[in-house]
Amino acid sequence: MSSAATDLGHHDAHDEPRGLLRWLTTTNHKDIGILYMLFGLTMFLLGGFFAELIRGQLIHPANHLLTPEVYNQVITLHGLVMVFGALMPVTAGFANYLIPLMIGAPDMALPRLNNWGFWLLPPAAIVLVLPFILKLIGIGNGPVDTGWTMYAPLSVQGGPGVDFAIFAIFLLGASSLMASINIVVTIFNLRAPGMTMMKLPLFVWSWLMTSFLLIAVFPALIAGSAMLLADRHFGTHFFSAAGGGDPVLWEHLFWFFGHPEVYILLFPTAGIMSHVLPTFARKPVFGYRAQVYSYWAIAALSVVVWAHHMFTSGMPVAGQLYFMYSTMLISVPLAILFFCWMGTIWRGSLSFETPMLFALGYIVLFFIGGLTGLVLADAVADQQYHNSFFLVAHFHYALFGGPIMGVIAGVYYWLPKITGRMYSERLGKWHFWLTMIGFNITFMSQFFLGVAGMPRRIPDYALQFASLNTVSSLGAFILGAAQLLLVYNVIRAAAGYGKRATNQVWEGAEGLEFTLPSPPPHHTFEEQPVVA
């Protein structure tokens, strides 16, 4: 890899700004990336707080920690905050910070749009959570309480909290579309000379697919939310059978967005795996082209399988067969990704620093989530397990065991590059093992609860489920407490404590970002790199 002097013409005439105004007005991709990540971390802690309330309520039968009404509100906010407030922004933060560095670009292609996209998020979070806070001081009926899927006709008949949630979705959708368009334009137009599409780092490829999916499917959720708002306040009947509408239409619109959303959350962290694993295996990534083609295949299949979430809503046999087999087909490119990750570490010179531990944990937990997903993809078995705790456990193995473990691996991997300081390895390993132990105690027991027949979304349960629920809640408390170690490690490194990081940070790390100082300068490339 060589460098050639090239006039980038962007930012070069400016000094690095300081103070609060820097963070409010910045168009620098690294600043905006950090803002996204801090916002995501804050919402992760808030969503985790709601999760602890849920498990506190379910720790034993006939508990009165939460009323049934508040319990419904808390489980709804937990889902919405974790998916839209935590995971999507924090992965967008990685994209903003890393993609220009990885492709040798001076910044994102549309920096002002980048600033606007981020600053839509705080109002969206406030609109979503504000009714919950107001209710605590005796104002209003509280937030949305329909479950994060907001199924009609329940959401048509719900209180004002549903309207707050709809407006939050509008803002979140606008933010996501702005970010996606910016990422696509940046990747296609600002790559360094010599960086062909088949030389793109896999994290960049994963975000290109994520952006295409977001642009394709988020408008369905926005349109459905607008129709829901019209039904609630303007006399339309899109989702009212009494007025000639169809309540199941909402399910189609929601899941046309909702199933690809799983891969929107998965792709960026799958991309992270393809950087962490080769670094600590000290081997080149295995199956680069196979992974790229798998991304394409998964993205294409993810938009044609949405109705497997609706087997229990009623569907013709032909429809059930189509959605069952098409869903199972996704396991083929997913298996190729797993095979490539295993091929990368096979016979490598492995070391087990914290990012590698979380990457290996990702593979194990997401593998369990994938296998149990095949059970739910079976149209017959799904009738038994769909509305049970089996689905809750599968969902969390897929989305916590996958994307969140991947995000944490990425945080530990690039934190020294971003802050210039190494985190505490000892605390990082404690964080990993407590997370793995707490997570498996929490959610493995929920598989058994589901098989035994415990329904999901209930604030109380029969005595026969008491023991496993107590175990699950104790595991959740361990899991929640463990995340404070991550917060401490991030704050410690950001505050300038810890060993100074080298430019390469890790012995086996490769990529343009690791040719830069740690942390990278405000104006990244004085000379645009040329990729050989």
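The paragraphs below lead through two helix packings, two buried residues and several backbone features of a predicted model.

The first packing brings together helix 3, which spans residues 68-103, and helix 15, which spans residues 389-419. The axes of these two helices are 11 Å apart and form an angle of about 35°. The sense of the crossing between helix 3 and helix 15 is left-handed. On the side of helix 3, the contact is made by H78, L87, V90, T91, F94, Y97, L98 and M102. Helix 15 contributes H396, L399, P403, I404, V407, G410, V411, W414, K417 and I418. Sorted by class, the residues in the contact of helix 3 with helix 15 comprise 13 nonpolar, four polar and one charged.

A second packing involves helix 13 (residues 354-377) and helix 16 (residues 425-452), whose axes come within 9 Å and cross at roughly 10°. Because angles under 35 degrees count as roughly parallel, helix 13 is roughly parallel to helix 16. The residues that helix 13 places in this contact are T354, L357, F358, G361, L365, I368 and T372. They meet E425, G428, K429, H431, F432, W433, T435, M436, F439, N440 and F447 of helix 16. By class, the contact of helix 13 with helix 16 holds nine nonpolar, seven polar and two charged residues.

Two of these helix 16 residues, H431 and T435, also appear among the contacts of Q483. Q483 itself is located in helix 17, residues 466-494. With neighbours within four places in sequence set aside, Q483 is in contact with F44, I408, H431 and T435. The relative accessible area of Q483 is 6%, so this residue is buried, given that the term applies under 20%. From A377, Q483 is separated by 106 residues in sequence and by 32 Å in space, taken from C-alpha to C-alpha.

Another buried position is T344, in helix 12 (residues 331-345). T344 has a relative accessible area of 1% and therefore counts as buried. A polar atom of the T344 side chain lies 2.8 Å from the backbone oxygen of C340. If residues up to four places away in sequence are not counted, T344 touches L277, P278, A281, K283, P284, V285 and F286.

The loops call for attention to the backbone. Most residues other than glycine have a negative phi, and most peptide bonds are trans. Against that background, four places in the loops may be examined. R347 has a phi near 60°, a positive value in a residue other than glycine. This residue belongs to the loop between helix 12 and helix 13. R347 counts as exposed because its relative accessibility is 74%. R457 likewise has a positive phi, near 60°, and is not a glycine. The loop that holds R457 runs between helix 16 and helix 17. At a relative accessibility of 33%, R457 counts as partly exposed.

The other two places concern peptide bonds before proline. A152 and P153 are joined by a cis peptide bond with omega of about 5°. P153 is situated in the loop between helix 5 (121-136) and helix 6 (154-157). A cis peptide bond also joins S518 and P519, where omega is about -5°. P519 is found in the loop between helix 17 and strand 2 (529-530).

How values were computed. Residues numbered from 1 in each chain as written. Predicted model: local features only at pLDDT ≥ 70, side-chain atom pairs only at ≥ 80, totals over all residues. Heavy atoms only, no water. Axes fitted to C-alpha atoms, helices over the stretch in contact; angles between N-to-C directions. Helix = DSSP H or I, 4+ residues; strand = E, 2+ residues; numbered from the N terminus. Left-handed = near helix turned anticlockwise from the far one by under 90°. Contact = heavy atoms within 4.5 Å. Nonpolar A, V, L, I, M, F, W, Y, C, P; charged D, E, K, R; others polar. Parallel < 35°, antiparallel > 145°, perpendicular 65-115°, else oblique. Buried < 20%, exposed > 50% of the residue type's maximum accessible area, 1.4 Å probe, protein only. Polar contact = N/O pair within 3.5 Å; in protein donor to acceptor, adjacent residues only side chain to side chain.
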